[in-house]
Amino acid sequence: MARNVSTQRKLVTTAIAWTIGILIFFPILWTFLTSFKTEAQAIASPPAFLFFDWTTENYFEVQSRSDYFKHFMNSVVVSFGSTLLGLLIAIPSAWAMAFAPTKRTKDVLMWMLSTKMMPPVGVLVPMYLIFRNTGLLDTRSGLVMVLTLINLPIIIWMLYTYFKEIPGEILEAARMDGASLAKEIIYVLTPMAIPGIASTLLLNIILAWNEAFWTLNLSAAKAAPLTAFIASYSSPEGLFYAKLSAASTMAIAPILILGWFSQKQLVRGLTFGAVK
Amino acid sequence: MNLRTFLLGTCSAVALAGLAQAETLTIATVNNGDMIRMQKLTDDFTSKNPDIQLEWVTLEENVLRQRVTTDIATKGGQYDIMTIGTYEVPIWAKQGWLLPLDKLGPDYDVDDLLPAIRSGLTVDDKLYAAPFYGESSMVMYRKDLFEKAGLTMPDAPNWEFIADAARKITDKNNEIYGICLRGKAGWGENMAFLTATANAFGARWFDENWKPQFDQPEWKNALDFYVKLMNDAGPPGASSNGFNENLSLFQTGKCGMWIDATVAASFVTNPKESTVADKVGFALAPDTGLGKRGNWLWAWSLGIPAGSQKADAAQKFIAWATSKDYLKLVAEKEGWANVPPGTRKSLYENPEYQKAAPFAKATLESINSADPKNPAVKPVPYVGVQFVAIPEFQGLGTAVGQVFSAALAGQMSVDQALASAQQLTTREMTKAGYIK
């Protein structure tokens, strides 16, 4: 039975939730507003919140200076490519660890996660040399590979926790009915874990979309994704806050929209298995 | 078809294929106004050189530096032209990472380059990078506030006058601060300003035997003076202000004086961006009577990494972008005030430029008086006014910058900051083998 909650309490919690929500969202809102100001208005003090002469000139300027679509396509290929490749590797590995664990499974999981604990700059030079020697510098395939590798531990961990929630007996039953291993994974396990896989997919697309260390360091002109697009508007000598904001808004808009439409899946996946 | 026709046909096909396969130069650059303008004007270059295409990689300064350093150190060969500063050029040239620019063409007139800038980019009598724009530092001040306070700025002020004027102008109730100076930690941020200023106070980073000098009275005087002045007459939160933050403060009328890069002059006098455009005056960076002014020297320059396979085409582009004709081209399209400053003598002799740029005289004098080979009052073993041209300086400068920034923020005393700077510099220099 649901608890009785007084109206007053409801109001207070709603107010707190909204305040926290707005606080978290405020930097993005401010970036969005600044992108419609002139450079002079962007640094005005006190700053204008809504009452200024709205202009779209920054967007035109940004588009005329850099090829947004090229960077956008690179971001799409790199983030979707790395996530899908990651899932292809991670689903069988997570299956193995969840349903056929050995004495060392926990250690392997921990070891995989430990690769995330190292600062990436520590392996920049070796990685750069490998990329140079294999001709992968400034290629989309190179970036797909490196982002797959860095996000793989997270994908495996997430899938592992989802798979653990699925009763092994169902898989056993499938096996009894004569399903092969591949069929068991494709037709039984995967459909049951769809919410988990969907949220892993979404979260990793977001992570790969925003990844700014490797994508900046291993790309130059051809494979540069939107992170490089934003970085090109940051200036050590000169105030281009409005243009930088326009570039940032353009860079985050696609992923924000994707997140907005798929938030149901995201939340469902993240809380999947929370209630038993 | 006889043999002759066949051979002729083959030859022309090969020639056509060669033509069609235009060389693409990848250029790494920073997002500064002059560089962006160059990107817009490159049609002039590509129409004269149809066999060369250009691809730009624009990055934030620190990202660019890391990116370019990794590429050049590993001979990655991603870039054919790199935008680098006077700090990198001597170090990289000595490492053999840059190609000497010896094919800039007969019309280039290398003797027209400003001697101070040219010398900063020359190693063993060879030019390793061509300056795209050069800068020094100078005082920018509000003539209206000076007049109101009954003060007159001399052409070549000293620090005592600057400090006195800053305190008189400050009106914290109306958010007017006498002086805005860099405080944000970083070797290219607060340490560029403080190293150059310390030179005027008789201080130096190292003695002739590479022993750090932060335990000497000159550094104490300089840092003490800076911290006290900023506490009395600087804006709140100055320890997080760099070039851009001070630029925005000055443009919105909150600073009486600002001592920083000469390139800022064109921003603060631009009525589209600045609310004080018609009220700005210029003077040389201050001294303390010891014979050195705290004005630095920097040139964003174009160099070719040793790994580039397209050195000839790259030299052609560099010759175009740093030529006298390029300056004329910018003047035609965007006006004389927007011409990249600080590289060529002929620009400063041009009456049209002098008319359009009220800051021309102060800029030229500042650049000419900076001496990277003898930056301090006492002798030093290094080159560089606002930096020490050794590979270790990026890390050292930033670490020392952090403790000095903490002193400005009041998190530690000036003595503690200097002791800490001395200790960490001694440790690093010993580790690097400078101190035996």
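This briefing covers the contact between chains A and B, a helix pair in chain A and the two domains of chain B. The model is predicted: local features need pLDDT of at least 70, side-chain atom pairs count only at pLDDT 80 or more, and totals for chains, interfaces and linings use all residues. Residues are numbered from 1 along each chain as its sequence is written, and chains are lettered from A in the order in which they are written.

**Contact between chains A and B**
- Chain A contributes 27 residues and chain B 30 residues (contact: C-beta atoms, placed from the backbone, within 7 Å).
- On the chain A side, α6(A) gives the most, with five residues (helices are DSSP runs of H or I, at least four residues, numbered from the N terminus).
- That side of chain A has 16 nonpolar, six polar and five charged residues (nonpolar: Ala, Val, Leu, Ile, Met, Phe, Trp, Tyr, Cys and Pro; charged: Asp, Glu, Lys and Arg; polar: the others, Gly among them).

**Helix pair in chain A**
- The axes of α4 (residues 68-99) and α10 (residues 194-210) of chain A come within 9 Å and cross at roughly 140° (axes are lines fitted to C-alpha atoms over the stretch in contact; angles run from 0 to 180 degrees between N-to-C directions).
- α4(A) and α10(A) are therefore oblique to each other (under 35 degrees is roughly parallel, over 145 roughly antiparallel, 65 to 115 roughly perpendicular, the rest oblique).
- The contact of α4(A) with α10(A) has eight nonpolar, six polar and no charged residues.

**Domains of chain B**
- Chain B is divided into domain 1 (23-128 + 298-356) and domain 2 (136-296 + 379-431), with bounds from an automatic or database domain assignment.
- The centres of domain 1 and domain 2 of chain B, taken over C-alpha atoms, are 28 Å apart.
- Seven residues of domain 1 of chain B are in contact with nine residues of domain 2 of chain B.

Notes
Two residues are in contact if their C-beta atoms, placed from the backbone, lie within 7 Å. Helices (H or I, at least four residues) and strands (E, at least two) are DSSP runs, numbered from the N terminus.
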